[in-house]
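Reader: I'd like to learn how to read burial in a fold, going from a whole element down to one side chain. Could you walk me through it?

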Amino acid sequence: MYADDTHLTYASNDIDDIDHHFNEDLAKVNPTVISANYRRTVRQGDFKFILGKSVPMPAMDTVKKITDEFIEVEYFLKNKTRVKEIFLQPVPHEHLLKKSAQKQPGIPLNILIIGVDSLSHSNTKRKLPKVYKYLKNELRSILFNGHSIVGDGTTEQLTAMLTGLGELEQHESRRHHKNPKPVDGWSWIYKQLKETGYLTGYSGDCPGLGPWQYRLMGFKNPPTDFYTRPFYAMAAQLIKNPNICLASRTISKVQFDYIREVFDMFKNKLKFFFSFNGKIRSLVYYFILINVSSVERQSNHGLKY
């Protein structure tokens, strides 16, 4: 069974802290824990993941560390029952730490874009007046009025934003059309950002309704350095109604904690991260305080039901 009364997920920019949390959590799950094993999550395209071989959790007093981004941990209890949890963490891989710019960036900004599904500009003003007031008066945000959509639905809006072209201006990727291909070859801004030394990330918390997976072929090889879809695909199997929580934590908190850790871990690197949130919608809105030069709150279409 999966634990439902503990922090099911955890993120940290310190791998030692991750290991400490795993061991500390043994007592939270059950004081009679005998041992724990973990399995890494292996992505096999956008529509499938598998779990790797089960191996023992490293002890806190060893130099061995867990360097997988997404794992499932299984605890073995004295009463012969088993409890499972899932975890995610950004990992300071050597190739990320050594990434350098091939071209000079224009204005070297750290950029975080927070998109909220089914929450238009007008709907934000109606349903979240305090948030809107805070954005306008406290953060002194620049609000774009009079802008319209470029097509119907989420895919059209995000495709235009991140590629500079409409969906139908790219090569065919619609699943039920002739000879569709994954969206890897689209003109993603991530590719240009990587040339200027940026670390890039995309995290969407609702894999079943992914903008490029719901009716398109998705990615074979994601264009970003950080890509959490395998984790949220695994989490989707555990989420119970109401579907905004993963055990004791909201999906949005899991999402934003992870993003904060990415920004904290790579303080000396330029970062461009897009967070698309389908689980919070108009129910609640979170702000995260991290070291960024620009935070954008992107409106999507309004509610369709």
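Reader: Is helix 8 largely enclosed or largely open, and why?

Author: Happy to help, and keep in mind that this is a predicted model. Helix 8 is largely enclosed by the rest of the structure, because twelve of its 15 residues are buried. Among them are Ile251, Val254, Phe256, Tyr258 and Phe263, but Gln255, Asp257 and Glu261 are buried too.

Reader: What span does helix 8 reach from its first C-alpha to its last?

Author: The general idea helps here: an α-helix has 3.6 residues a turn, so residues three or four places apart point the same way. In this case, helix 8 reaches 21 Å, close to the 21 Å expected at 1.5 Å a residue.

Reader: Now a single residue: why does Ser252 count as buried?

Author: The cut-off is under 20% relative accessible area. Ser252 has 1% relative accessibility, so it counts as buried. Ser252 lies in helix 8, which covers residues 251-265, and its side chain makes a polar contact with the side chain of Thr250 at 3.2 Å.

Reader: How do I read the faces of a strand, and which residues of strand 6 lie on each side?

Author: In a regular strand the side chains alternate between the two faces of the sheet. For strand 6, Ile111, Ile113 and Gly115 are on one side, with Leu112, Ile114 and Val116 on the other. Both faces are covered, and six of the six residues of strand 6 are buried.

Reader: Which strand do six bridges join to strand 6?

Author: That is strand 11, residues 271-277, and the two run parallel. Within this pairing, Ile114 stands opposite Ser275.

Technical notes: Residues are numbered from 1 along each chain as its sequence is written. This is a predicted model: local features need pLDDT of at least 70, side-chain atom pairs count only at pLDDT 80 or more; totals for chains, interfaces and linings use all residues. Side-chain values use heavy atoms; hydrogens and water are left out. Helices (H or I, at least four residues) and strands (E, at least two) are DSSP runs, numbered from the N terminus. Buried means under 20% relative accessible area, exposed over 50%, partly exposed in between (1.4 Å probe, protein chains only). A polar contact is a pair of N or O atoms within 3.5 Å; within protein, one must be able to donate a hydrogen and the other to accept it, and residues adjacent in sequence count only if both atoms are side-chain atoms. The expected span of a helix is 1.5 Å times one less than its number of residues. Two strands pair if DSSP finds at least two bridges between them.
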